[in-house]
Amino acid sequence: MPTTHAPAKEPGGRSAVRTLRRLWPYVRPVRTRLFTAGVVAIVASCTGLVFPLVLKWMVDGPVADRDTGGVWLGALLLLGLGVAEALLFGFRRWLVARPLAGVEAAMRAHLFRHLQRVPVAFHDRWASGQLLSRGTTDLMLLRMFLAFPLTFLVVNGATILVGMAILLAQEWTLGLVLLAPVVPMVVFLAYFEGRYAAVSRRAQDQVGDLTTVVEESVLGIRIIKGFGRHRSQALAFRELSRTLRGTELAKARLLAAIYAVIMTLPELAIGAALVLGSVQVADGDLSTGTLVAFLSTALALRWPVESIGFLLAMSQEAATATERYFEVLDAEPEAESAPAPAPAPAPEHGTESVRSTDPAPGAEAAPGAEPLRGPVRGQTPVPVDGIRFHAVQFRYPDAPDHSPAVLEHIDLHIRTGETMALVGATGSGKTTLTALVPRLHEVTRGRITLDGENIAAMPRERVRSLVSMAFEEPTLFSASVGENVLMGSGGTASGDELDRALAVAQAEFVHALPQGADTQVGEQGLSLSGGQRQRLALARAVVGTPRFLVLDDPLSALDVHTEALVEAALRRVLKDTTALVVAHRPSTVLLADRVALLSGGRVAAVGTHQELLRDNAEYAWLMSGGTEG
Ligand SMILES: Nc1ncnc2c1ncn2[C@@H]1O[C@H](COP(=O)(O)OP(=O)(O)OP(=O)(O)O)[C@@H](O)[C@H]1O
């Protein structure tokens, strides 16, 4: 199964440090704790460097003098140091655990909020698995980075500096021998950082692709089983996991090379220092205690040095995770008022004025006149104009530059109280047109008005409180039936409203569910039948008596008997509202006062069902059961 990739950027441009700096706003609130934890860890780590000094004192003092009491004192001192070190490290962990879980939660909440605010077109472009992996795996990597590599790169760096100072102070010639590998190691690490960045980016993107396949397989399990596609699905999964495995192995090979160098060079230096030191002790130029202390300090520095490799690797992965996280957060959220679309061109011949030949209910206002009547908001009469499309053009944001627009020169007027059916062949643009009314997409040209007000200038929330929708694919959420339905009124409608909406949608089956309207519908409402889901989606659209109703083929999954019942109830609702209803069947069309025929993204004709049947061959063909344009 092909997966849609997130529009991923190649790593490069930004350095890991610059990328990671973007985490600062999230880390800022916990900076004091993080800083304190860093200081505590440095003290704990440097405590480890006192061990060799105690050893030197013991070897040159009590051990050489055969002073048992002194040896016991040294041993107690070592024990005390060990306990102090362990307690300090424990304290560090306690300091960071809770605040960093908070940072992760805040980042996740921010990501989720942002995903709700980006335009629908963003979700059309991004694979859900990519978004999921950014909200889970990547954020976990970031928490681990803040808890561990960030602190320990500083702590281990400080420990190495203090340790080197102690070594140089004890015996500077041997100290220089240990310092010798530093330059080649830095050059080597710089070279590998870029390669590791590229491969870790690839791996994290592939985790996103894999997540997408798993998600699709779980959600589409019925199709997969029904069509016996489990083998091909498993094959797609295996292919992707094999690719991911290959990338992880490439990562492991790079890490192995880094480890090999980071571990071998210091070991060689320690070996050389041991030989050189032994010669100096034999020559009497160095005390045995100093050599023991020197080598113990060098060995104590092994872990801080060796850990640099994987700490850098984890930091690089965190930088990639940060980059991936901000790729989503950098996506522009929906602007409150839409960018000004290009001015509408002069209406072409044969648009609304020509086609609206019928004397349909809710007579057309005289051009230029804006009658004030109808529904009253508070005490102020509002202009009654219904839904108007003025020379609307629409092109999907990711469509190729010179491709034709999906909708072109749309001039339509759905008068107040009128129901207009939208009929057209598959792919003619019906769903796209309906999505423009609640501003799920912004028109690229022209404008749409609700009671004379340009929706592009209205707050999006207001548009959506005026316009209610039911989509062809009825999506329900993991919540109770009642919550799903009341969502349509923004949660403000009463229990009576709920009952009314359920009655309208012929969804009284709800009362027979185990807990009535409180029954949980399960993920995506899959515990209900298709027709039941569609009726609940319809109830959600009509709850709270919306001023404007947009229904995208709302009756497609109902049996003939239920359809007739829903239609009868819907007819009552449609009387009090202004509605645009996508219809494929004559029975749905008959709910409407007038019909607009959409053909190739243009309004080809507007009239009553009878008129269009008589005058328009395409319409007659569509109503007789044709589906392809
Ligand atoms: N998110 C999208 N991005 C790009 N193009 C799209 C997108 N959604 C739909 N299209 C294209 O827009 C055109 C109109 O699609 P639309 O879904 O509006 O048609 P429709 O008339 O509702 O079809 P149907 O009756 O089959 O539901 C199609 O060519 C389709 O490929």
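Two strands count as paired if DSSP finds at least two bridges between them. The exercises below apply this to a predicted model.

**Exercise 1. Establish how β5 and β10 pair, and find the bridge partner of Leu422.**

Solution. Step 1: take the residue ranges, which are 419–424 for β5 and 578–582 for β10. Step 2: count the bridges between β5 and β10; there are four, and the sense is parallel. Step 3: look up Leu422, whose bridge partner in β10 is Val582.

**Exercise 2. Give the strand order of the six-stranded sheet and identify its edge strands.**

Solution. Step 1: the order is β8-β9-β10-β5-β11-β12, in an open sheet with mixed pairing. Step 2: β8 (467–470) and β12 (602–607) pair on one side only, which makes them the edge strands. Step 3: from one strand to the next, the twist averages 20°. Step 4: add the helix that packs on this sheet, α21 (residues 530–542), which touches β8 and β9. The direction of α21 makes about 175° with that of β8.

**Exercise 3. Describe the pairing of β9 on each side and the burial of its residues.**

Solution. Step 1: on one side, β8 and β9 run parallel and are joined by four bridges; Ala470 has Leu551 in β9 as its bridge partner. Step 2: with β10, β9 pairs in the parallel sense over five bridges, and Val550 stands opposite Leu580 in β10. Step 3: recall that side chains in a regular strand alternate between the two faces of the sheet. In β9, Phe548, Val550 and Asp552 point one way, while Leu549 and Leu551 point the other way. Step 4: check burial, for which 20 or more other C-beta atoms must lie within 10 Å. Five of the five residues of β9 are buried.

**Exercise 4. Which strands of the four-stranded sheet stand at the edges?**

Solution. Step 1: this open sheet has the order β4-β3-β6-β7 and antiparallel pairing. Step 2: β4 (407–414) and β7 (453–454) each have a single partner strand, so one side of each lacks a neighbour in the sheet. Step 3: for β4, that partner can be examined in detail. Strand β3 (residues 387–394) runs antiparallel to β4 and is joined to it by five bridges; Val392 stands opposite Ile410 in β4.

**Exercise 5. Characterise the shell around the ligand by residue class and by helix.**

Solution. Step 1: list members of the shell, among them Asp124, Tyr396, Gly424, Lys430 and Thr431. Step 2: sort the shell into classes, which gives three nonpolar, seven polar and two charged residues. Step 3: find the element that gives the most to the shell; helix α17 (residues 430–436) does so, with three residues.

**Exercise 6. Is Leu268 buried, exposed or partly exposed?**

Solution. Step 1: locate Leu268 in helix α13 (residues 230–282). Step 2: an exposed residue has 12 or fewer C-beta neighbours within 10 Å and a buried one 20 or more. Leu268 has 13 inside 10 Å and therefore counts as partly exposed. Step 3: compare with the annotation; the unreviewed UniProt entry places a "transmembrane region" at several spans, including 172–192 and 254–276. The span 254–276 is 100% helix, and its end C-alpha atoms lie 33 Å apart. The span 172–192 is 90% helix, with its end C-alpha atoms 31 Å apart. Step 4: the C-alpha atoms of Leu268 and Leu178 are separated by 8.8 Å, although these residues are 90 apart along the chain.

Conventions. Residues numbered from 1 in each chain as written. Predicted model: local features only at pLDDT ≥ 70, side-chain atom pairs only at ≥ 80, totals over all residues. Helix = DSSP H or I, 4+ residues; strand = E, 2+ residues; numbered from the N terminus. Axes fitted to C-alpha atoms, helices over the stretch in contact; angles between N-to-C directions. Contact = placed C-beta atoms within 7 Å. UniProt positions renumbered as here; feature names shortened; annotations may be inferred. Near = placed C-beta within 6 Å. Nonpolar A, V, L, I, M, F, W, Y, C, P; charged D, E, K, R; others polar.
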